[in-house]
Amino acid sequence: MVKYLSGIDKDHTQLWDFYCTKGSHSGQWSKIAVPSNWQLQGFGSYYYGRDAQPELGESGLYKTTFTVPTTYANKRIFIVFEGAMTDTEVKINGNSAGEIHQGGYYRFKYDITNLVKLKGDNLLEVKVDGQSANASVNLAERKADFWTFSGIFRPVYLEAVPDSYMDRWAVNAKANGNLSLDVYGVNLKEGSIVSGQLEDLKGNKIGASFVAKSKKGEQTISLNHHFDHIKTWNPEFPNLYNLSISLTDSRGIVHTGKQRFGFRTVELRKHDGIYVNDKRVVFKGVCRHSEWPESGRTMSKDLSILDVKLMKEMNMNAVRMSHYPPDQHFLDVCDSLGLFVLDELTGWSRSLDTIVGRKLVKEMVVRDVNHPSIVFWDNGNEGGWNTNLDSDFSLYDPQKRLVLHPWDRFNGIDTRHYPEYNYLVNNLLYGNDVYLPTEFVHGNYDGGAGATLDDYWNIMMQYPYFAGGFVWAFADEGVIRKDRNNEMDTSNERAPDGIVGPHREKEGSFFTIKEIWSPVYINMRVISPSFAGTVPMENRYIYTNLKQCHFSYELVTFPLSTDKITKPKVNYTRQVPAFNLEPGAKGFLNLNLPAQWRQNDALYLTATDPYGKKIFKWTWSIKSAAQIALKNIGSKSESKNDVTFKNIDESLIINAGNMVYTFDKKNGLLKSVNKNGTLISLKNGPVLAGVKLELESFKTNQQDGSLILQANFNGDKNFLKTKWTFKTGLPAKLEYSYLQRGDADFRGITFDYPEDKVTGMKWLGRGPYRVWKNRLKGQEFGLWHKAYNNTITGETYKYPEFKGYHAQLYWTVIENKESQFTVFTEDTNLFLEMMKPDNSVHAPKALQPAFPEGNLGFLNAISPIGAKFHSATGLGPQGEKNVMPNSTPVSGTLWFDFR
């Protein structure tokens with residue numbers, strides 16, 4: 001029997017009286033929503049954990065009144081707090097409910113039977129100190145690398161039980177159908193009986209009930225039973241059951257309860273791997289803070305569902321609670337939707353002392369022990385572990401889950417954080433512990449996360465004792481500051497670490513991870529000339545045969561660049577017959593393509609899981625860029641007018657119908673374009689990106705009504721040769737070749753176009769997000785459009801970002817305030833550089849990748865991006881500079897269509 005005294009979540013609150021001792025709106029009684037963090041309600045002071053100063057800590061005084069339901073007569077009455085930050089003193093009707101609770105993220109309760117009045121109003125007074133009187137709690141929880149909030153941030157309620165009752169129970173349900181249940185009673189009568197009845201989630205009974213009787217002098221009753229033909233729990237098939245539990249004595253049934261759970265077995269096999277239900281597992285996980293910009297740590301079940309669904313959408317199967325136990329409803333959702341969980345005792349770099357630590361271990365494990373999703377306990381983080389607490393976890397956990405020390409090599413598992421690539425190489429050679437980095441590929445701003453993951457995952461998968469890893473982190477920790485006109489604050493570079501933004505806006509890494517961690521793994525990059533419709537794939541599921549999934553494909557053609565249609569035309573679609581491929585196996589999916597399939601522009605293949613959710617959509621171009629360009633441009637000019645030119649001072653001016661092109665004769669570069677008297681400010685190109693060259697020759701000649709302009713540029717054994725062809729009624733054609741010796745951040749040619757004139761772009765290529773050299777996966781080949789924005793990833797949140805590198809360009813329309821123009825390429829593997837992204841002033845140097853001086857580039861190679869703690873060169877082969885054979889020039893063809 002439960003009665004809420006507060007609201008239940010961030011969206012359903014109750015107003016209590018409130019007094020804040022320091023900071024904003026302090027020194028006077030007012031009202032506050034409960035549950036909440038008082039900073040997010042406009043009280044007190046904000047501080048990021050590592051900035052916290054105990055002497056500056058404020059306190060919050062809460063008051064409310066409540067009545068006791070008449071049904072609580074002759075019951076024991078408890079007041080329960082699901083979480084309060086941090087030291088919490090509770091009084092009922094002016095009397096202390098018990099000792100001050102220390103520790104901000106844990107459920108605690110007081111027996112207030114003798115303190116409440118059964119008739120009339122009762123006064124509840126709560127004092128919450130933002131800082132703890134216990135120094136170890138402050139170091140472990142408050143002076144940490146995350147936002148520090150204060151207040152009663154989870155629900156408060158009354159709970160009534162009979163005089164003899166079951167205080168709690170712990171389930172141990174194995175994959176083989178063996179179930180044990182430990183029931184911890186209070187004031188049990190001799191001969192009391194506990195019975196259990198297994199049910200499905202619809203309430204249908206499964207098998208007979210099973211019972212056990214209390215023994216004289218004991219308050220714990222243990223039951224055991226075996227069930228045949230049960231369905232095990234795993235993240236791919238999260239099968240759950242209910243266990244109805246009854247306590248009976250000579251008076252009959254005196255207390256009942258219900259527990260949702262799942263049958264599953266977790267094992268560490270040293271020098272081998274982690275096994276769940278006898279299957280070796282690979283954790284594809286992420287670290288998650290419980291945070292929302294407007295409400296801080298006060299969350300809701302809707303947000304829990306949102307977050308778990310986003311993780312599952314990225315093809316993740318695991319989540320680490322960082323760095324504290326989450327809301328109960330988050331674990332419920334992990335149980336029901338299917339995620340492995342690492343549940344963590346708070347301890348960021350500094351550990352809890354043994355006295356308070358033992359209390360908090362008990363509170364965490366007792367609350368969370370029955371969740372099948374939880375497979376490990378974490379005793380703190382990065383040095384924040386007190387080894388004296390390690391054995392306490394098993395006191396309350398009959399499953400005896402393994403205890404981890406994240407960042408440490410402990411209990412046969414190496415959880416080292418943020419390894420450089422070479423560490424993984426050496427681990428492959430010499431390591432023999434199970435490897436499970438509980439933080440890696442740090443996703444600060446737009447670095448890390450999806451960037452570097454491909455290289456890391458490829459080498460980690462080669463390690464015979466590999467067990468997966470956890471990306472840091474799920475979401476940017478952004479807080480809406482009421483004291484700063486509702487500004488989003490991510491504490492400079494310390495908290496914008498997410499794959500999604502504070503309000504769960506998807507960054508580019510979201511889709512890269514989705515492809516790399518797809519359980520249906522396809523590494524076919526292009527459709528080769530010999531491709532006949534058979535796609536090689538690997539089943540990277542743990543429990544799912546691919547015959548339980550569904551595959552379909554589409555053959556499409558794209559509209560012309562001038563068409564207003566923005567979607568491809570689907571010419572053919574087909575469901576592929578069921579494909580039998582066991583977990584871990586490799587095979588070939590035969591699409592049975594129609595005879596004329598090569599007449600289409602692209603092939604799209606989509607896989608969906610057994611629940612109908614999209615796993616991934618792979619896209620490949622069928623036609624070459626040259627074929628698409630020819631279809632858009634046409635091969636013949638409709639005009640018979642010759643192209644003319646003239647020299648005026650240091651400029652060469654070319655007239656081609658209604659077009660005028662101006663070149664600088666001193667440097668051989670385009671200065672401007674004019675269409676029917678309208679200036680188009682394209683200029684300063686083509687130049688060889690990142691290389692200083694001098695003009696060696698510049699000459700023109702006319703042939704067949706066309707004007708040919710050739711320029712050669714040389715410097716330090718590098719060269720660029722260009723050939724412009726101008727013909728009335730056709731786009732300007734640029735053919736070029738270059739040689740660039742040595743390693744380089746990028747390779748190709750660039751132009752300049754004023755950023756303040758750009759309004760948007762439409763393009764055929766991979767999108768809609770930008771890419772880096774070490775984050776190419778996840779984007780789809782198709783027709784895209786986006787308006788101009790100046791988003792700084794992790795600082796502003798209009799995604800996808802407009803500026804940056806874009807992959808596999810076929811053509812792009814540059815929308816602007818002058819006159820839009822289109823650039824076509826005949827080269828299938830070309831990158832478009834669309835302006836230079838701005839960087840946060842707080843971004844580490846590794847997160848500021850190199851860009852050419854020109855801001856409109858057509859590149860054959862692009863730069864990678866690093867991560868918060870490492871430059872790109874330490875993060876794998878894709879993070880290295882680009883290498884070009886010294887004697888092999890690169891050639892390309894572009895068409896500039898200003899018509």
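Two residues are in contact when heavy atoms of each lie within 4.5 Å. This briefing concerns a predicted model. It introduces a buried helix, α3, a pair of packed helices, α5 and α6, and a loop residue, Q808.

**The loop residue Q808**
- Q808 is found in the loop that runs between strands β57 (804-806) and β58 (811-816).
- With a relative accessible area of 13%, Q808 is buried, because buried means under 20% relative accessible area.
- Leaving aside residues up to four places away in sequence, Q808 touches S621, L764, G765, R766, F781, T828 and L830.
- With one of these residues, S621, Q808 makes a polar contact between side chains, at 3.1 Å.

**Helix α3**
- Helix α3 spans residues 328-338.
- Eight of its 11 residues are buried, so helix α3 is largely enclosed by the rest of the structure.
- The buried residues of α3 are Q328, H329, F330, L331, V333, C334, D335 and G338.

**Helices α5 and α6**
- Two packed helices are described by the angle between their axes and the distance between the axes.
- For α5 (residues 421-430) and α6 (residues 453-460), the angle is about 10° and the axes are 10 Å apart.
- Helix α5 is therefore roughly parallel to α6, since angles under 35 degrees count as roughly parallel.
- Helix α5 contributes Y421, L424, V425 and L428 to the contact, and helix α6 contributes D455, Y456, I459 and M460.
- Sorted by class, the contact of α5 with α6 has seven nonpolar residues, one charged residue and no polar residues.

Conventions. Residues are numbered from 1 along each chain as its sequence is written. This is a predicted model: local features need pLDDT of at least 70, side-chain atom pairs count only at pLDDT 80 or more; totals for chains, interfaces and linings use all residues. Side-chain values use heavy atoms; hydrogens and water are left out. Buried means under 20% relative accessible area, exposed over 50%, partly exposed in between (1.4 Å probe, protein chains only). Helices (H or I, at least four residues) and strands (E, at least two) are DSSP runs, numbered from the N terminus. A polar contact is a pair of N or O atoms within 3.5 Å; within protein, one must be able to donate a hydrogen and the other to accept it, and residues adjacent in sequence count only if both atoms are side-chain atoms. Axes are lines fitted to C-alpha atoms, for helices over the stretch in contact, and angles run from 0 to 180 degrees between N-to-C directions. Angles under 35 degrees count as roughly parallel, over 145 as roughly antiparallel, 65 to 115 as roughly perpendicular and the rest as oblique. Ala, Val, Leu, Ile, Met, Phe, Trp, Tyr, Cys and Pro count as nonpolar, Asp, Glu, Lys and Arg as charged, and the others, Gly among them, as polar.
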